[in-house]
Amino acid sequence: LRRFGNTVFYGDMARRDLLEAAGAHEAKLLVVGVDDVEKCMEIIDVAQKHFPNLKILARAIDRPHAYRLIGENIEGFERETFHSALKLGRTALKTMGVEPKRAKFIAKVFEEHDQDSLLKLAKLWGDDQSYGRAVKDRVEDLKRVLAEDQNEFDESDHAKIENKTSAV
C-alpha cells in the first residue's frame with residue numbers, strides 16, 4: 001500500500017489513540033474486516049464511543065457475528081461466505097440439470113428470504129427455544145415461497161412462450 005502512496009498504520013485498531021492517529025476524527029467511514037469476531041466488536045465499540053459521527057461497515061465472519069453486528073446498529077455489513085455459497089448453490093442447481101435462468105431465480109428468492117430471515121432471527125438469537133422454533137418456521141416459509149415462486153416462474157415462462165408464438 002505504501003508503494004502506491006497510501007499511509008499505513010500497524011497495530012491494534014481497537015486502541016483509541018491508533019484510530020485517532022489514523023484520522024478517525026476526520027474520517028467519514030471505517031471498514032472493519034478483521035478475522036477475529038471479538039476484535040471486530042471491540043474496534044466497533046471503541047469507534048462508536050469515541051468517534052460517534054464515523055460510519056461503520058464490517059465483515060461478518062458467520063451468522064452469529066452478523067446478529068451481533070445488527071445489534072450494534074452499524075451502517076452495514078457483508079457476510080464473509082454468503083455470496084460465494086449462494087453462487088455455489090446456483091452452480092450446483094445448474095449442474096443437476098436446472099435451467100440457468102431457473103437456478104438464478106431460485107438463488108434470488110433464497111437470498112431475499114435469507115436476508116429477511118437474518119433480520120427477523122437476530123432478535124431471537126440467544127434464546128435457543130424461541131430461535132429454534134423460528135428457524136423451523138422460516139424453513140417452512142422458504143419452502144412455501146419457493147413453491148409459490150415456482151408457479152409464478154412457470155406462468156411467466158408460459159406467458160413469454162405465448163407471446164413469442166403469437167408474434168409469429
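## Overview

Of the 168 residues in this protein, 30% are buried. The model is a predicted one. Six helices and three strands make up its secondary structure. Read from the N terminus, the elements follow the order α-β-α-β-α-β-α-α-α.

Contacts across the sequence can be sorted by separation. Take those between residues at least 6 apart in sequence: 57% of them join residues at least 24 apart.

## Helix α2

Helix α2 covers residues 37–50. Does its length fit, and what should it span? At 1.5 Å a residue, its 14 residues should span 20 Å, and the end C-alpha atoms are 20 Å apart, so the two values agree. The N-terminal end is capped by D36. A side-chain oxygen of D36 lies 2.9 Å from the backbone nitrogen of E38.

The buried residues in α2 are V37, C40, M41, I43, I44, V46 and A47. An α-helix has 3.6 residues a turn, so residues three or four places apart point the same way. What covers the buried residues of α2? The cover includes two helices, α1 (16–21) and α3 (63–72), along with the strands β1 (29–32) and β2 (55–60).

## The loop after α2

N53 and L54 both sit between α2 and β2. N53 is placed in that loop, and so is L54. Is each of them buried or exposed? N53 counts as exposed, because its relative accessibility is 72%, and the cut-off for exposed is over 50%. L54 is buried, because its relative accessible area is 7%, and buried means under 20%.

Both residues can be placed against an earlier part of the chain. The C-alpha atoms of N53 and A24 are separated by 9.5 Å, with their positions 29 residues apart along the chain. For L54 and H25, also 29 residues apart along the chain, the C-alpha separation is 7.8 Å. Setting aside residues up to four places away in sequence, L54 touches A24, A27, K28, L29, L30 and A47. Of these partners, A47 is one of the buried residues of α2.

## Helix α3 and its ends

At the start of α3, D62 brings a side-chain oxygen to within 2.9 Å of the backbone nitrogen of H65. H65 itself lies in α3. The buried residues of this helix are H65, A66, Y67 and L69. H65 counts as buried because its relative accessibility is 1%, against a cut-off of under 20%.

Which residues does H65 contact, leaving aside its neighbours within four places in sequence? They are V37, C40, M41, R59 and A60. V37, C40 and M41 are among the buried residues of α2.

N73 follows α3. This residue lies in the loop between α3 and β3 (76–79). N73 is not a glycine, yet its phi is positive, at about 60 degrees. Its relative accessible area is 65%, so N73 is exposed.

## Packing of α4 and α5

Helix α4 has 14 residues. From first C-alpha to last, α4 reaches 20 Å, close to the 20 Å expected at 1.5 Å a residue. Just after α4 comes G97, with a positive phi of about 100 degrees.

Two packed helices are described by the angle between their axes and the distance between the axes. Here, α4 (residues 82–95) and α5 (residues 100–122) pack at an angle of about 145 degrees, and their axes are 9 Å apart. Their crossing is right-handed. On the α4 side, the contact is made by F82, H83, L86, R90, L93 and K94. They meet P100, A103, K104, I106, A107, F110, E111 and D114 of α5. By class, the residues of this contact divide into eight nonpolar, one polar and five charged.

## R138 in α6

R138 belongs to helix α6, residues 128–167. Is R138 buried or exposed? With a relative accessible area of 14%, R138 falls under the 20% cut-off and is therefore buried.

Its side chain has a polar partner. The side chains of R138 and D116 are joined by a polar contact of 2.9 Å. Not counting residues up to four places away in sequence, R138 touches H113, D116, S117, K120 and L121.

Terms used. Residues numbered from 1 in each chain as written. Predicted model: local features only at pLDDT ≥ 70, side-chain atom pairs only at ≥ 80, totals over all residues. Heavy atoms only, no water. Helix = DSSP H or I, 4+ residues; strand = E, 2+ residues; numbered from the N terminus. Expected span 1.5 Å × (residues − 1). Buried < 20%, exposed > 50% of the residue type's maximum accessible area, 1.4 Å probe, protein only. Contact = heavy atoms within 4.5 Å. Polar contact = N/O pair within 3.5 Å; in protein donor to acceptor, adjacent residues only side chain to side chain. Axes fitted to C-alpha atoms, helices over the stretch in contact; angles between N-to-C directions. Left-handed = near helix turned anticlockwise from the far one by under 90°. Nonpolar A, V, L, I, M, F, W, Y, C, P; charged D, E, K, R; others polar.
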